[in-house]
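Visitor: I'd like a close look at the salt bridges, please. Take me through who pairs with whom and where the partners sit.

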Amino acid sequence: MMIWWVLLISALVFSAWYLGYQARQNHHDALKLNLPRDYLVGLNFLLNEEPDKAVDVFIKMLEVDSNTVETHLAVGKLFRRRGEVDRAIRIHQNLIARPQLDKTYREQSLYELGQDYMSAGVLDRAERIFLDVVGVKEYSVPALRALLDIYQQEKAWESAIQTAQKLELSTKINKQPIIAHYYCELAEQAMAKGQHEQVSQYLKQAIDTDANCVRASLLQARFDMKNNDYKTALRSLKRIKNQNPDYLSEAIEDLASCYEGLEDEEKLVSYLMQILDEHPHVPVVLILSERIRKRKGDKVAAKYVADYVRRYPSLHGLHLFINLYMSSAEGRAREDLTILHNLTKKLLSDRPDYQCVSCGFSGKSLHWQCPGCKQWSSVKPVHCLEG
């Protein structure tokens with residue numbers, strides 16, 4: 001594979017050299033083609049299975065002029081795609097160092113050098129370069145996208161907000177949901193530092209930016225719960241049903257805690273019944289069945305879960321159903337249910353709890369930004385995907 005790669009480089013170099021040769025000679029002289037000594041040296045390295053040395057020779061012999069700039073840029077991209085970032089950087093730096101280089105090619109080389117540094121993980125240098133080329137019309141949008149990627153990696157959320165706003169103006173693509181996540185990130189940082197005023201400010205900005213930001217509602221509710229303000233927390237949690245019901249399961253435990261804090265079990269059961277009618281999710285059934293079990297016993301709770309599983313069959317629902325029946329079963333029936341319980345438990349332990357609807361990444365914890373495809377709000381609870 002390496003040999004074919006070097007042969008491609010040598011072909012590009014020869015093509016560029018020959019174009020320059022023709023430009024310097026008339027047609028009659030061009031027929032008397034004398035290959036450059038360096039080219040022959042490079043081929044010799046190639047034949048002796050020393051491809052790295054061959055590539056270095058081919059690149060050095062490639063003079064920078066109007067006929068070869070495109071070849072330099074193409075070779076630089078090829079190196080970067082192959083992961084040979086050091087060589088790509090040298091090529092693009094060599095181009096930029098040429099004072100006679102056309103302005104258009106200089107800007108393109110500078111942008112490619114920024115991409116090289118991004119690939120190498122040298123984010124500070126990449127940032128400086130993209131900030132330089134962001135004013136160039138042709139590279140403004142890709143440079144802003146690259147800067148946004150850098151600020152997300154560095155967790156520089158203030159800079160990310162400003163860049164996303166500029167990108168939205170340039171592309172006319174709505175970035176408000178993503179910006180809301182940036183405010184949530186800032187709120188979490190402030191929360192970790194105990195900066196309560198900043199937490200409230202950032203969460204308000206998140207909701208103002210995107211009224212459907214589930215993450216902001218959850219954070220606001222949990223912030224209020226720490227201050228024992230259960231009524232305010234409930235208002236935030238109840239918004240989630242209208243914001244995005246797929247994330248209702250993330251709020252159920254907090255909802256139950258708020259109603260318990262207010263000592264109002266009746267309203268909790270009533271509200272859970274209402275949610276279940278509109279959005280049948282296993283976590284809702286789990287909390288509801290526990291309340292029914294406490295008030296009316298195991299058999300009534302098991303019957304309630306059985307009715308749910310018949311209407312909305314799922315592995316999670318079946319596991320809950322078996323778990324409830326086991327408590328009241330005896331003898332052989334209990335032994336059989338124990339076998340089924342252990343089987344469903346094993347199956348569930350091997351399955352992810354969350355999955356990205358964009359790239360398929362899965363895991364046991366919720367990521368607001370997918371670690372795989374880097375999309376925001378694309379990772380969702382598996383039970384809602386099953387539904």
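Guide: A salt bridge here means a side-chain nitrogen of Lys or Arg within 4 Å of a carboxyl oxygen of Asp or Glu. You're looking at a predicted model, where local features need pLDDT of at least 70 and side-chain atom pairs count only at pLDDT 80 or more, while totals for chains, interfaces and linings use all residues. Residues are numbered from 1 along each chain as its sequence is written, and side-chain values use heavy atoms, with hydrogens and water left out.

By that salt-bridge rule, the count is 12. Let's start with lysine 380, which pairs with aspartate 246, their closest N and O atoms lying 3.0 Å apart. This pair ties together distant parts of the chain, 134 residues apart: lysine 380 belongs to strand β3 (residues 379-381), and aspartate 246 to the loop between α14 and α15. Helices and strands are DSSP runs numbered from the N terminus (helices H or I, at least four residues; strands E, at least two). Lysine 380 counts as buried because its relative accessibility is 15%, whereas aspartate 246, at 22%, counts as partly exposed. The cut-offs: buried is under 20% relative accessible area, exposed is over 50%, and partly exposed is in between (1.4 Å probe, protein chains only).

Now hop to lysine 241, whose partner is glutamate 278, with 3.4 Å between the closest N and O atoms. Again distant parts of the chain are linked, this time 37 residues apart: lysine 241 is in helix α14 (residues 230-243) and glutamate 278 in helix α16 (residues 265-278). Lysine 241 is buried, with a relative accessible area of 14%, but glutamate 278 is partly exposed at 41%.

Next up is aspartate 254, which bridges to arginine 222 with the closest N and O atoms 2.8 Å apart. The partners sit 32 residues apart, with aspartate 254 in helix α15 (residues 249-261) and arginine 222 in helix α13 (residues 214-226), so this is another link between distant parts of the chain. Here the acid is the buried partner: aspartate 254 has a relative accessible area of 12%, while arginine 222 is partly exposed at 37%.

Salt bridges can share partners, too, and that is how Lys77, Arg80, Glu112 and Asp116 end up joined into one network. Stay with aspartate 116 for a moment. You'll find aspartate 116 in helix α7, and it counts as buried, with 0% relative accessibility. Its C-alpha is separated by 6.6 Å from that of alanine 88, although the two residues are 28 apart along the chain.

As for the helix that carries aspartate 116, the axes of α7 (residues 103-120) and α8 (residues 123-133) come within 8 Å and cross at roughly 155 degrees. That makes α7 roughly antiparallel to α8. Axes are lines fitted to C-alpha atoms, for helices over the stretch in contact, and angles run from 0 to 180 degrees between N-to-C directions; under 35 counts as roughly parallel, over 145 as roughly antiparallel, 65 to 115 as roughly perpendicular, and the rest as oblique. The crossing of α7 past α8 is left-handed (the near helix is turned anticlockwise from the far one by less than a right angle; clockwise would be right-handed).
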